[in-house]
Amino acid sequence: QVQLVESGGGLVQAGGSLRLSCVASRELFSLIDMGWYRQAPGKQRELVASISGGSAGSMKEYADSVLGRFTISRDNAKNTVYLQMDSLQPEDTALYYCNSNPPGRYFVYWGQGTQVTVSS
C-alpha cells in the first residue's frame, strides 16, 4: 500500500530546532521529486521545500519564508525525506506533510502530518 508517514514534530520555543522525517512506502522512491508542505489554521497548504529525485542530483528549492533556516534532504536507501528546521519562529507553526512535488502525482493520499508548534 502506497503511503506516507510523517514524524518528528513537537512543541519548541522560538529559535529552536526540529527535524522532521517522512517515510514513503513506494517503489522507485529515489526517482520521485519530493516536497515538504505545511498548513496553518485558516490558511492553504503551501510548499516549503522540495528536493529532486532521479538523475537531477538532489536539487533543492525553498520558499522565501524558510530560506536559510530549513534544509531538506533524502536517504533513498531508507525511502525517507527529512526537513531540518532551525531558528524556528511562531509563524512556522503548522501541520507539516510530505508528498511528491507536485503533490498527488505519485501519492494519492496525504499522510496524517506532524504538528509543529513554536511558542514565542
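Strand 10, which spans residues 114-119 of this predicted model, turns one face towards cover, formed by Thr114, Val116 and Val118, while Gln115, Thr117 and Ser119 make up its uncovered face. In a regular strand the side chains alternate between the two faces of the sheet. Two partners of strand 10 can be named: strand 2 (residues 10-13) runs parallel to strand 10 and is joined to it by 4 bridges, whereas strand 9 (residues 94-100) pairs with strand 10 in the antiparallel sense over 3 bridges. Within the parallel pair, glycine 10 has valine 116, a residue of strand 10, as its bridge partner, and valine 116 belongs to the covered face. Within the antiparallel pair, leucine 95 is bridged to glutamine 115, a residue of the uncovered face.

A further pairing involves strand 1 (residues 3-7), whose covered face consists of Leu4 and Glu6 and whose uncovered face consists of Gln3, Val5 and Ser7. Strand 1 and strand 3 run antiparallel and are joined by 5 bridges, one of which links glutamine 3 to serine 25 in strand 3. The pairings described here are set out below.

| Strand pair | Sense | Bridges |
|---|---|---|
| Strand 1 and strand 3 | antiparallel | 5 bridges |
| Strand 2 and strand 10 | parallel | 4 bridges |
| Strand 9 and strand 10 | antiparallel | 3 bridges |

Is serine 21 buried or exposed? This residue lies in strand 3 (residues 18-25), and it counts as buried because its relative accessibility of 18% falls under the 20% limit. When neighbours within four places in sequence are left aside, the contacts of serine 21 include Val5, Glu6 and Ser7, which are residues of strand 1, and they also include Trp36, Thr80, Val81 and Tyr82.

Taken as a whole, the protein chain contains 0 helices and 10 strands. Among its contacts between residues at least 6 apart in sequence, 55% join residues at least 24 apart, and buried residues account for 40% of the 120 residues. The radius of gyration is 13 Å, which agrees with a compact globule, because a globule of 120 residues would have a value near 14 Å. Along the principal axes, the C-alpha atoms fill a box of roughly 40 × 25 × 25 Å.

The accessible surface comes to about 6,400 Å², and carbon and sulfur atoms contribute 48% of it. As for charge, the chain carries 10 positive and 10 negative side chains, with the centres of the two sets 3 Å apart.

How values were computed
Residues numbered from 1 in each chain as written. Predicted model: local features only at pLDDT ≥ 70, side-chain atom pairs only at ≥ 80, totals over all residues. Heavy atoms only, no water. Helix = DSSP H or I, 4+ residues; strand = E, 2+ residues; numbered from the N terminus. Buried < 20%, exposed > 50% of the residue type's maximum accessible area, 1.4 Å probe, protein only. Contact = heavy atoms within 4.5 Å. Rg over C-alpha atoms; globule rule 2.2 N^0.38 Å. Areas by Shrake-Rupley, 256 points an atom, 1.4 Å probe, with all protein chains shown as cover. Lys, Arg positive; Asp, Glu negative; His and termini not counted. Charge placed at Lys NZ, Arg CZ, Asp CG, Glu CD. Pairing = 2+ DSSP bridges.
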